[in-house]
Each structure stands twice: as structure tokens, then as C-alpha cells.
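Trainee: I am new to this structure. Could you take me through one part of it closely, and then show me where that part fits in the whole?

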Amino acid sequence: EEKTLRCAVFIQLVLSNIGLIVADLSGGSPRRVVELLTKRSTVLTIGGTLIALGLSVGVPFAREMFRMDIPSWRDLMAAALVAFLTSTVIGIWNWRKNI
């Protein structure tokens, strides 16, 4: 259904943007990724983004406002996997480019 697909794509978009920001700020270096993810500001920013995402999907009023339905676990895992893979590929590309 269109509303379910809209929600899955929205989740994937938000997760991909988080991953791309981390990949860009770290230059793709695995050590810098860990350093970045242990910074309080990064944890708060990512945490706040995930809370906002959870509220937009989990609160019925917000979900209706965005015309979304909760996707299945399979769709959620697919969205997360696509976000992870694209961010990882970009991170590796940046890292290799900077070597």
C-alpha cells in the first residue's frame, strides 16, 4: 500500500542521511567513525533524530499527518539494510579516496 511504502521510504531516507553524515564527517576511516560515534554531541544529535523519527512513525496523529502506515518488520529491516549499505559504500569510497 502507498502509505506503508511512504513510511518505509521515509525511514530509509532518515537512516541514510544519518549514515551519510557519519561517513562524510569521518572521511570513511573506521577509527574516525568510532571516535565520532562516541562524542556526546553526535550521540545527542543522532538520538534526537531517531526519537523524532520514532514519534513521527509511532504517534497516530503524526503518522496521519504524514499519511503513513506502519510498515512490516520485513520492510523496516529492508529500509535499514539499504541505508546501512549505501552509507557503508560511500564511507569506503571516501576512505579509499583519502588514502
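Mentor: Let us start with Leu-36. This is a predicted model. Setting aside neighbours within four places in sequence, Leu-36 is in contact with Val-22, Leu-25, Ser-26 and Thr-42. Val-22, Leu-25 and Ser-26 fall in the stretch of α1, which runs 2-26. Thr-42 falls in the stretch of α3, which runs 40-58.

Now widen the view. Leu-36 belongs to the largest nonpolar core, and so does its contact Val-22. That core has eleven residues. Among the others are Cys-7, Ile-11, Val-14 and Ile-18. Ile-46, Leu-53 and Val-57 are in it too, along with Met-68 and Ala-79. Two elements give two or more residues to this core: α1 and α3. The most comes from α1, with five residues.

Next, the whole protein. Its secondary structure comes to five helices and zero strands. Along the sequence the pattern reads α-α-α-α-α. Take contacts between residues at least 6 apart in sequence: 74% of them join residues at least 24 apart. The C-alpha atoms fill a box of roughly 45 × 25 × 20 Å along the principal axes.

Last, the surface. Of the 99 residues, 30% count as buried. The protein exposes about 7000 Å². Carbon and sulfur atoms supply 69% of that area. Charged side chains number 11 positive and 7 negative. The centres of these two sets lie 11 Å apart.

Notes:
Residues are numbered from 1 along each chain as its sequence is written. This is a predicted model: local features need pLDDT of at least 70, side-chain atom pairs count only at pLDDT 80 or more; totals for chains, interfaces and linings use all residues. Side-chain values use heavy atoms; hydrogens and water are left out. A nonpolar core is a set of buried Ala, Val, Leu, Ile, Met, Phe, Trp, Tyr and Cys residues joined through side-chain atoms within 4.5 Å. Buried means under 20% relative accessible area, exposed over 50%, partly exposed in between (1.4 Å probe, protein chains only). Helices (H or I, at least four residues) and strands (E, at least two) are DSSP runs, numbered from the N terminus. Contact means heavy atoms within 4.5 Å. Accessible areas come from the Shrake-Rupley method with a 1.4 Å probe; for residues, only the protein chains shown count as cover. Lys and Arg count as positive and Asp and Glu as negative; His and the chain ends are not counted. The place of a charge is taken as NZ of Lys, CZ of Arg, CG of Asp or CD of Glu.
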